Every structure is written in structure tokens, then in C-alpha cells.
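User: I would like a close look at one part of this model, with the terms explained as they come up.

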Amino acid sequence: MKIDILEMTPTRAKFVISDTNPAFANALRRTIVADVPKMAIDNVEFHLGPIMDEKNQTFESVSPMFDETVAHRLGLIPIPTDLSAFNLRAKCTCGGEGCPSCTIMYSLNKKGPCTVYSGDLEPIGDAKFRIKDDLIPVVKLAEDQALLIYATAELGTGKQHAKWQGALGTGYRYFAKIEIEHSKCDLGGSCVKVCPKGVLAKEDRKIVVKHPERCNLCNSCVEVCDAGVIRVAGDPTKILFKFETDGALQAKEVLVRGLKILEERFENLREQISSLEE
Amino acid sequence: MIIPVRCFTCGKVIGGAFEDFVKRVDLGESPRDVLDSLHLDRYCCRRMLLTHANLIDEVAPY
């Protein structure tokens, strides 16, 4: 198996896995989606009753939306995650009580009229956990309304809830195998024009496959070719894989972690099988 | 109500892009160019912004 990276930015990954099969690509996809852990807000405490400010003005602790909805929206906000520094809360040394090595606390204190943004969440403790995507509207407050919230973020996996999903838009497809019989080609060039992805090009009186990674196997070129010299097929041993992240984790971290989890799982299986043989 | 935090279909965070989108479209830019420049490539994310009805200001007084 070999992985060739086509694109690797902090939020986007695209690579070709060769000498593989669809089953492996799907295993990797499912691991990345369901098993790579990430931080997300899981517990929100709302201050109930009147809220006073410094000038002794009282605000009502209500907002146009239900508290549940506000809590849900907070949960969906991506929290910067350092996988090496945090443990799953249930498996932490604190025994699930919540400590700095399994949870991040945030506070939010806003008085209306205003829009509450994700950037208004103040991390209690380390400032590196400040939310990067700080312009997500959470709720809008009217006159005399205020919000005082303590939120706790913890690690989780996509299996529990989509807010803990490490990657999004995860998918793969067969890499295209395009064959052109040059001896019979009449160089009409209609295949170059009809291709929506610009895969084919005409160079030196010859139709060449210029960008095979862009081909989505739509077969437009095969249908338009009068001479019938183009053959397009998916190659199940070569797979184009891509996914994005929401900024909580780096794309590279997600991939490395996903492969590691997969490896551990296969190792586990191997051990169990070998114990059966004895 | 208010713009959802994430795209319903794929889960991409789109909430942060909404105010920028509305501002730029009001200034006369084509919605297509704005969506492209905000890196909303998939049609699931694009429809989130295009079809959103922002009703929170009408609900707020109640």
C-alpha cells in the first residue's frame, strides 16, 4: 500500500491510496468519521434568575431561543483540540469528575441588545483554547436580556454524536483508468470539449490524459466519441480519498490518528486469532 | 430563526460565513462568487446560506 498526498492543508486532505481495495478505504473512512476523538462542548450550565451588571441594572436571563437550543448550538462550535494533552473523561485519572486533563471550561457573559458570537466564549485557564472560528452567531439578545453561561468541553467520538466527528465530507472514489487507442483516433477533439472536469487535452496531434485525478467516471467522452476509441473504467486497486476538518484538528492529525486506531484494531484481531489457534 | 452553526448534510461550519455573505451580496456581488470565495464548494453548504430566512429579529420581542 502506498499513499500519495495530492493536497494537505490544515482543513483539507486529498490523497491517492494505491495497491489497496475498496474495503480498506471504507474501513479508513469509517474510522476517521466515527473513531477519531475531538473536543466539543457537552455540558452547559445556565445562570437562572435576574443578572445584575456593574451599574445595578437588572437583566432577565432569557433569550429568544430555548436554553436547549442554545446549548446545542454551543456544542456544534469547533473547539481547538490537542489530542496528546487530553484523555477521554471516563478513562481519565480523575475518574470522570472533570479535571484540566480531560475537560476545558468556558464562560460566556453577554448583556443585550447584542448578538452572541462563538468568540465570546472565554476559556477559563489557557488562552490557547480560545475558539478560532469566532464569528459564528450563537443567539441574539434583545433589550434587558442577558446570558451567563458556564460550558464544559470534553473529548468524544463521532459514534456518540456528530459534534465530536473529527472529519467531514469524507469520501473516496476509484481512480480513473482511461485508455485511448491512438491508432484509431480521428482527433475530432469533441471528447476534450465535452469533459466537464478538463481531464483530456490535445497535445502534439494526440489526445492525452492530462489530469486523471479529476475524472469522475461520467463517461461523457466515451459517449461522444464517434470512433469509439476511449475506454474509461474505475480502478478498484487505486483509490482517491478526500476529507475536510472543521478546524478543531489538523487534517494530517486526523489521518495519522485514524490509521493508528485502525492498526491497533487489526493488531487486536490478530492477537485474538492467534490465541484461538493455541 | 438564526443561521445554523453547521451544514445539515455534511457538517461543515457555515455559521461564521453568513454575515459576511449577506453583507457582500447586499453590496451587489453575485452570490455565486461570494460562496466560491468563502470556500463553500458543495451544494449542501451553499443552500444553507442561499435559502436561509433570518427570522430571529421578529421572534426576539416575544
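User: How many residues of chain B are in contact with chain A, and how many residues of chain A do they touch? Please describe chain B and the core around it closely, and then the parts of chain A that go with it.

Analyst: This is a predicted model, in which local features need pLDDT of at least 70 and side-chain atom pairs count only at pLDDT 80 or more, while totals for chains, interfaces and linings use all residues. Residues are numbered from 1 along each chain as its sequence is written, and chains are lettered from A and ligands numbered from 1 in the order in which they are written.

In answer to the count, 16 residues of chain B are in contact with 18 residues of chain A, where contact means that the C-beta atoms of two residues, placed from the backbone, lie within 7 Å. The side of chain B that touches chain A has 9 nonpolar, 3 polar and 4 charged residues; here Ala, Val, Leu, Ile, Met, Phe, Trp, Tyr, Cys and Pro count as nonpolar, Asp, Glu, Lys and Arg as charged, and the others, Gly among them, as polar.

Chain B itself has 4 helices and 0 strands, in the order α-α-α-α from the N terminus; helices (H or I, at least four residues) and strands (E, at least two) are DSSP runs, numbered from the N terminus. Its C-alpha atoms fill a box of roughly 35 × 30 × 15 Å along the principal axes. Of the 62 residues of chain B, 31% count as buried, a term for residues with 20 or more other C-beta atoms within 10 Å of their own, whereas exposed means 12 or fewer and partly exposed lies in between, with C-beta atoms placed from the backbone. Among contacts in chain B with a separation of 6 or more, 53% are between residues 24 or more positions apart.

One residue to follow is B:Ile14, which, leaving aside its neighbours within four places in sequence, is in contact with B:Arg6, B:Cys7, B:Leu40, B:Cys45, B:Met48 and B:Leu49. Both B:Ile14 and B:Leu49 belong to the largest nonpolar core, of 56 residues, where they are among the members that touch the most others, together with A:Met39, A:Ile77, A:Ile79, A:Ala151 and A:Ala153. A nonpolar core is a set of buried Ala, Val, Leu, Ile, Met, Phe, Trp, Tyr and Cys residues joined through C-beta atoms within 7 Å. Strand β10 (residues 146–156) of chain A gives the most to this core, with 6 residues. Because domain 1 (2–35 + 168–243) and domain 2 (38–164) of chain A both give residues to this core, it lies between them; these bounds come from an automatic or database domain assignment. The C-alpha centres of the two domains lie 43 Å apart. Apart from this core lies another, of 15 residues, among them A:Ala176, A:Leu200, A:Ile230 and A:Phe241.

Turning to the strands and the helix of chain A, β1(A) and β2(A) pair in the antiparallel sense over 7 bridges, pairing being called when DSSP finds at least two bridges between two strands. A hairpin joins β1(A) to β2(A) through 2 residues, and A:Ile3 has A:Ile17 in β2(A) as its bridge partner. Of the 8 residues of β1(A), the number buried is 0, so this strand lies largely in the open. In α5(A), the buried residues are A:Ala251, A:Val254, A:Leu255 and A:Gly258, and they pack against β1 (2–9), β2 (12–18), α1 (22–34), β11 (167–180) and β14 (230–245) of chain A.
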